[in-house]
2 protein chains.
Amino acid sequence: MKSIIASIIFLFSIVFVNAQNGHELWLRPVKANPVNVICKQNSPTLSIAKQELLDRWQGDNNASVTLTIKKDKALKKDGFRLGKNSVQANTDAGILYGVYELLRRQQTSEPINNEIFNPSYEVRILDHWDNLNGTVERGYAGNSIFWRKNDPFTVTNTDKKLWQEYARANASIGINASVLDNVNASPLILSADYLNRTKEIANVLRPYGIKVYLAVNFASPSTLGKLNTADPLDKEVIEWWKEKVKEIYSLIPDFGGFLVKASSEGQPGPQNYGRSHADGANMLADALKPYGGIVMWRAFVYSSNNEDRAKQAYDEFMPLDGKFRDNVIIQVKNGPIDFQPREPFSPLFGAMKKTSVMPEFQITMEYLGHANYLVFLSTMWEECLKSDTYQQGKGSTVARCTDGSIYPQKYTAIAGVSNVGLDTNWNGHQFNQANWYAFGRLAWNNTLNSEQIADEWIKLTFYNDSSQKSGDKNYTADWNKNFLAPVKKMMMESREAAVNFMTPLGLHHIMSANGHYGPGPWWAPKGMRPEWTPPYYHHAGADGIGFDRTTKGSDAVSQYHEPLASQFNNVATCPEKYLLWFHHLPWDYKMKNGRTLWDDLCYHYEEGVNQVREFQKVWDKAGPYVDSTRFMEVQRKLRIQCVNAILWKDACTLYFQQFSKMPIPYELERPVNNLDEMIYNDRGDGRSH
Amino acid sequence: MKSIIASIIFLFSIVFVNAQNGHELWLRPVKANPVNVICKQNSPTLSIAKQELLDRWQGDNNASVTLTIKKDKALKKDGFRLGKNSVQANTDAGILYGVYELLRRQQTSEPINNEIFNPSYEVRILDHWDNLNGTVERGYAGNSIFWRKNDPFTVTNTDKKLWQEYARANASIGINASVLDNVNASPLILSADYLNRTKEIANVLRPYGIKVYLAVNFASPSTLGKLNTADPLDKEVIEWWKEKVKEIYSLIPDFGGFLVKASSEGQPGPQNYGRSHADGANMLADALKPYGGIVMWRAFVYSSNNEDRAKQAYDEFMPLDGKFRDNVIIQVKNGPIDFQPREPFSPLFGAMKKTSVMPEFQITMEYLGHANYLVFLSTMWEECLKSDTYQQGKGSTVARCTDGSIYPQKYTAIAGVSNVGLDTNWNGHQFNQANWYAFGRLAWNNTLNSEQIADEWIKLTFYNDSSQKSGDKNYTADWNKNFLAPVKKMMMESREAAVNFMTPLGLHHIMSANGHYGPGPWWAPKGMRPEWTPPYYHHAGADGIGFDRTTKGSDAVSQYHEPLASQFNNVATCPEKYLLWFHHLPWDYKMKNGRTLWDDLCYHYEEGVNQVREFQKVWDKAGPYVDSTRFMEVQRKLRIQCVNAILWKDACTLYFQQFSKMPIPYELERPVNNLDEMIYNDRGDGRSH
């Protein structure tokens, strides 16, 4: 048997280029041309910048490149001016970012004009949901790179090397901050041992311009500190946090601040003591203020009351608008529910006019097949960032409402829940690297379009550098046509494909309860909190399907600014991609294409499956241009994705058919899975089998 | 969860007609018109015939039907003359067959002219591979209806009722014989207790015109009888068998005879004592002769020598032609290997000119998905029966070489390995009933075509009798168009679909070693008898694929009569459906359609999958015409078949791709299974996991 498997691998490897495992990400080694780097200043960060130029220069042979730090009012924060042979910035980090931009443009053959590059957000942060025992919540790429279960406080050279590689990857795409631990935080993170390890990590990340932050447990004063309370208005509590912050800054002078999930999904918070979110956030903000630290306070809250869960964050936070300190930023997920394959933007964006707000995106694919599906998330984030809130007239996009363009925020920030783990390829799926990359690029420039980001990433990640260096124009033309173009197209379609086979037409939260992986539209055990069950969201019944959030329903539409409120409220004008998010409609409702809602739902599921099948063809054809390891990894994942897409299609169409009582259109492929077996195999119900 | 499943069933049942479970086979109750039956004679068989007329008459109200027994030289054996209101025959059984034919024609609206119906074969026999412990070898429809593990010698009323239903079903399609036990026979079948139970079974079957036969173990004299030998020339052995036969006939005066698998796959036989198959068969034939019994001696033999397995039965038996007693019939499987999805006919047919030969077909689907696939086997058997052997000039079909038309055999016979078990629907898959039905119909008339058989079976099995009785012509027209026609088309294509997704272009014996169910082209453990491993048959290598049986190879072609030998030998004239059976060809061999062999192979696999998907559509559309139980059973089995078809396609294309080193044509659907995982999951290698 072994020999057969070996020969399969052999078969493929002979036709593929250099062996790769993906660990080098978008920073694959290139043969550098000789270059002369001129820089008057010196610092660890500048040394890195210089070395990158020496190692990777693709410009003219023996060119002289100048790196200049000088005050320039046109440059914001770590922005930079880029010339063909020059980088100028206000800060060391600005120089480093300029150097990475220069090298990227050389490698992707993009033009370099004299141009200014300013970051859209000041804080561009990765949230690691890493537990102190080394596991990663919603992580699908191995254990934590920061924490480990055994011998947890020794820092090895291997650790440092990995942290450095991680820091370099982040710096190369402009990420300048990391929350090192899970938002469902352990109080222990604030103990001396863990703070010492945090200091070690910070020391490795610092030269790359990256500040560390910690997620903290609001009850820490009582659980770690042994006080009787964690009431944010209690003097001893206030004092405890002040002392703790002081201790942290004595170890990490450039510590970034806290991320807090409080009074949310069982986490302790100010509401335990009858206080508001503002009371809690402000108390921490006051402790951090003297050191320049900030508080990122999450708006991800909902109770098990009768109110539409989609409305609750808005209802809870809007009355507090203007009551937060200027070093508090409210962290708002892109949509009102929870990182679904598609949601409309959260109505909090733009609505909080006197409070700093930051978007939270999820890079790890909790609801999108974990590390098994190929889904380029950039298009999803772009859709959110470019959504117009109309809060200050037309053009009040989510991007402009959060990056300081419209509201004068003292701090601006954007967070991505990281997909990084100990896997050799960092992210579980080779193509998930593109999501890490895209998050960094969009955080730096929230007007970038996803196609450009995909183009860059593919070129950096897959181009055969030996051919590139040989300057073989025929190879490049061939590669552009037969690899770059189809792979880019696949990436650009991949998110819509996932929506189609998982949650088309505005469906949401119909996944399996455990693991959030497969389909689970049926899951609703007796006594379960209704808003944790899919039927709460799809409302499928004999009369139709969808969540009525119109003015006649939960009235969530009214949380949006006009003209959106009316547009969403009117079934005739509501975009069909959000149709069942806002409307409950009969199965025979006539869609714009003339189909019934039921038929169109079935067509979307079928389309999703066929899109994945098309991706398989694209990738198989791409085989000759990819090294065997990465080719086969992706090929295998696409096979899983295809089988899963069929499972989603079968589960949802057969489950909903119970209510529609209409046939799946006979021209469509028939189910191959049985509903009762899918329900039985769904571990969502807590049965052990 | 239960309520969901219940509601699914509810959903379907509301649109379906009367509940059915398939136990009534093609004999569903109909509302009879009043009829007057006139018959001068009396016998248990005639009583059954009369009762069937009273219970099921669909002709004119108050018609008089005459049943007449009288000598008529135009009628052979149990043949009959059929009129609109009359049946005439030489025997009681002939009357019974005539009555069933009359009722079938009424129910299917076929015309009834004055016509003679003579059976093609005298003995139309089902071989039950039923073990005495109640299991059934290669049985996929539950345990044996004859034998049981617990309390094995008590005959209950439930037993008798079941045996009677079984006998009636057989009689209704002309089957007149049953081998009650497995060809891999236990000596215990000849012990007093089992012979007594056999007698009880015979007593139930007798009124339906069915004789019982037993498969016997050749070593019985030494294992059951305690002799030192089972040498067929040994006097004590001869005497032992004579006494045993005498004992049997004292219990069962119309006992049919023995079926023997000897010196085959480890079974004892005359070769253990240096004797020939003729020596063994003749000894048993001599013992049976006084009572009119016969011996069916199987030609399914092969040794582990260097000779092509496909040639060995011919090589072994041809030298014995003319050496067998006239009450011995050599039982030959349809093809030279073993009930594969497609084989050319066995060269023994027509070649043995001085020996009685009978075809052996397999109704149970050992190599065709067990009871999971919808495969109408009638087309496969028709293909064999109508194959021209050319042994006595053009028109020497297998049918005519075995039914007495060409060679004067004292006995003619045809055997089908039964698919009957204790399952409510008898055969595991509702559509497997059609194969039982088709075997009976072809055994009676080997010139019938499969389309007619399918037409009859569908009408008898699925027509909604209440509508029929109401004489609603619109319903009938609708049913004919939307149920009968597409379902018949599906049945007619079903065998070719299975060939396409399992063993296209003459491939054979590439199934998983254990269970003969899934694909296993890779299976070849060290030291295994080569002819038990798939690579022995497909010979896939860098140079191509297929078994060279030409004159330059194993020369199996020369076992066929001209012009077949030359036609098969020449790759240009060899039918492509047998291409890789007879030829080893390079991967880029050009097929008649212009494709390379490799591409065409991939296309056939794809076509097979798509055919099954089409069957799913046909069946789903047929839903409104079928009761819910049978509809859902078949729907679920088709889903399994579809998933399996994809598995076969992926396994074979990915396995063979290792040798072809050519891409699966990119316009075809990509694999969703991984080769190494399929190999790992294949239990064929004996590893336990």
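In this predicted model, the buried residues of helix α10(A) are covered by elements that include β12 (356-362), α11 (398-402), α12 (433-444), α13 (450-462) and α15 (473-502) of chain A. Helix α10 itself spans residues 378-385 of chain A and is mostly covered, with 7 of its 8 residues buried. The buried positions are Ser378(A), Thr379(A), Met380(A), Trp381(A), Glu382(A), Cys384(A) and Leu385(A). The UniProt record, in an unreviewed entry, lists residues 114-426 of chain A under "domain: Glycosyl hydrolase family 67 catalytic". Over residues 114-426, chain A is 27% helix and 14% strand. The C-alpha atoms at the two ends of this stretch are 35 Å apart.

Attention can now turn to empty space inside the model. A probe the size of a water molecule, rolled over the atoms, shows where such space is left. The largest cavity holds about 140 Å³. Two elements of chain A, α9 (309-317) and β11 (328-333), each give two or more residues to its lining. Of these, α9(A) provides the largest share of the lining, with 4 residues. The lining has 18 residues, and those nearest the centre of the cavity are Ala299(A), Phe300(A), Ala313(A), Gly335(A) and Pro336(A). By residue type, the lining divides into 12 nonpolar, 4 polar and 2 charged residues.

Helix α2 offers a view of both chains. In chain B, α2 covers residues 44-56, which makes 13 residues. From its first C-alpha to its last, this helix reaches 18 Å, close to the 18 Å expected at 1.5 Å a residue. Its buried residues are Thr45(B), Leu46(B), Ile48(B), Ala49(B), Lys50(B), Glu52(B), Leu53(B) and Arg56(B). Among the elements that cover them are two strands of chain B, β1 (35-39) and β2 (63-69), and two helices of chain B, α3 (92-107) and α4 (157-172).

In chain A, helix α2 (residues 44-56) is the place of Glu52(A). Glu52(A) counts as buried because its relative accessibility is 6%, under the 20% limit for that class. Residues up to four places away in sequence aside, Glu52(A) touches Trp57(A), Val99(A), Tyr100(A), Leu103(A) and Arg168(A).

The loop between α16 and α17 supplies several further details. In chain A, this loop lies between α16 (534-538) and α17 (564-569) and contains Ala540(A). The relative accessible area of Ala540(A) is 16%, so this residue is buried. Beyond its neighbours within four places in sequence, Ala540(A) is in contact with Ile545(A), Trp587(A), Phe656(A) and Phe659(A). A separation along the chain can also be set beside a separation in space: Ala540(A) and Asp650(A) are 110 residues apart in sequence, and their C-alpha atoms are separated by 16 Å.

Pro563(A) is found in this loop between α16 and α17 of chain A as well. The peptide bond that leads from Glu562(A) to Pro563(A) is cis, with omega near 5°. In chain B, the bond from Glu562(B) to Pro563(B) is likewise cis, with omega near 10°. Pro563(B) sits in the loop between α16 (534-538) and α17 (564-569) of chain B.

Asp555(B) is another residue in the loop between α16 and α17 of chain B. Although Asp555(B) is a residue other than glycine, its phi is positive, near 65°. With a relative accessibility of 26%, Asp555(B) counts as partly exposed. Ser109(A) also has a positive phi, about 60°, although it is not a glycine. Ser109(A) lies in the loop between α3 (92-107) and β5 (115-117) of chain A. Because its relative accessibility is 63%, Ser109(A) counts as exposed.

A last loop residue, Pro408(B), is located between α11 (398-402) and β13 (413-417) of chain B. Its relative accessibility is 80%, so Pro408(B) counts as exposed. Pro408(B) and Phe483(B) are 75 residues apart along the chain, and 44 Å separates their C-alpha atoms.

Note on methods. Residues are numbered from 1 along each chain as its sequence is written. Chains are lettered from A and ligands numbered from 1 in the order in which they are written. This is a predicted model: local features need pLDDT of at least 70, side-chain atom pairs count only at pLDDT 80 or more; totals for chains, interfaces and linings use all residues. Side-chain values use heavy atoms; hydrogens and water are left out. On a 1 Å grid over the protein atoms alone, a cavity is a set of points where a 1.4 Å probe fits but cannot get out, and a pocket is an open set with protein on both sides within 12 Å along at least five of seven lines; lining residues have an atom within 4 Å of a point. Grid points are joined across faces, edges and corners, and a volume is the space filled by probe spheres set on the points. Ala, Val, Leu, Ile, Met, Phe, Trp, Tyr, Cys and Pro count as nonpolar, Asp, Glu, Lys and Arg as charged, and the others, Gly among them, as polar. The expected span of a helix is 1.5 Å times one less than its number of residues. Buried means under 20% relative accessible area, exposed over 50%, partly exposed in between (1.4 Å probe, protein chains only). Contact means heavy atoms within 4.5 Å. UniProt positions are given in the numbering used here, feature names are shortened, and annotations may be inferred rather than shown by experiment.
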